[in-house]
Amino acid sequence: MPAGLDVHLVCDNLSTHKAPVIQAWLARHPRFRLHFTPTGSSWINQVERWFGYLTDKKLRRGVHKSVQALEADIRAWIENSLARYLARISGASY
């Protein structure tokens, strides 16, 4: 991660981040920003399911000769999946 960028971490609502050693580390590294899921949230489960779906449908059997090829394949899959979803919910063609 380039030094000039902030790093946003989505964490579950566990209390690990409250440990003094973790608080001290975070104070020394202000570019790391923690975001916590609400207690009993279901949206993080949806994110995990989406990554599982991506893995099953695109990555598990894929062959990628570079990180750039992998990224391009993922981006194309997301665009195509989103277009199909929008077409399905709106009745439009994309």
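Is Trp77 buried or exposed? Select Trp77 to find out: at 10% relative accessibility, Trp77 counts as buried. Here buried means under 20% relative accessible area, exposed means over 50%, and partly exposed is in between (1.4 Å probe, protein chains only).

Before moving on, note that this is a predicted model, in which local features need pLDDT of at least 70 and side-chain atom pairs count only at pLDDT 80 or more, while totals for chains, interfaces and linings use all residues. Residues are numbered from 1 along each chain as its sequence is written, and side-chain values use heavy atoms, with hydrogens and water left out.

**Stop 1: the aromatic rings**

Keep Trp77 on screen and add Trp50, Phe51 and Tyr53: these four form one aromatic cluster. Rings of Phe, Tyr and Trp (its six-membered ring) pair if their centres lie within 6.5 Å; planes under 30 degrees apart count as stacked, over 60 as edge-to-face and the rest as tilted. By this rule there are four aromatic pairs. One of them joins Trp50 and Phe51: the ring centres are 5.0 Å apart and the planes stand at 80°, so this pair is edge-to-face. Now turn to Trp50 and Trp77, whose centres are 5.9 Å apart with planes at 55°, so this pair is tilted. The pair links distant parts of the chain, 27 residues apart, with Trp50 in helix H2 and Trp77 in helix H3. Helices (H or I, at least four residues) and strands (E, at least two) are DSSP runs, numbered from the N terminus.

**Stop 2: a nonpolar patch**

Switch on the surface and select Val10, Trp43, Val47, Trp50, Phe51 and Ile78, which make a nonpolar surface patch of about 540 Å². Patches are made of residues with over 30% relative accessible area and no salt bridge; like charges are joined within 9 Å, and nonpolar side chains (Val, Leu, Ile, Met, Phe, Trp, Tyr) within 5 Å. Accessible areas come from the Shrake-Rupley method with a 1.4 Å probe, and for residues only the protein chains shown count as cover. Helix H2 (residues 43-59) gives the largest share of the patch, four residues. You have already met two of the patch members: Trp50 is partly exposed at 35%, and Phe51 is partly exposed at 48%.

**Stop 3: salt bridges**

How many salt bridges does the structure hold? There are four, each being a side-chain nitrogen of Lys or Arg within 4 Å of a carboxyl oxygen of Asp or Glu. Select Arg33 and Asp6, whose side chains meet at 3.0 Å, N to O. Arg33 lies in strand E2 (residues 32-36) and Asp6 in the segment before strand E1 (7-11), so the pair ties together parts that are 27 residues apart in sequence.

Next, pick Lys58 and Asp73, joined by a salt bridge of 3.4 Å, N to O. Lys58 belongs to helix H2 and Asp73 to helix H3, so this bridge ties together parts 15 residues apart in sequence. Another bridge joins Asp56 and Arg60, with the closest N and O atoms 2.6 Å apart. In that pair, Arg60 is exposed at 55%, whereas Asp56 is partly exposed at 37%.

**Stop 4: Leu70**

Finish with Leu70 in helix H3 (residues 67-90), a partly exposed residue with a relative accessible area of 30%. Leaving aside neighbours within four places in sequence, Leu70 is in contact (heavy atoms within 4.5 Å) with Leu59 and His64. For a last distance, try Leu70 to Thr37: they are 33 residues apart in sequence and 29 Å apart in space, C-alpha to C-alpha.
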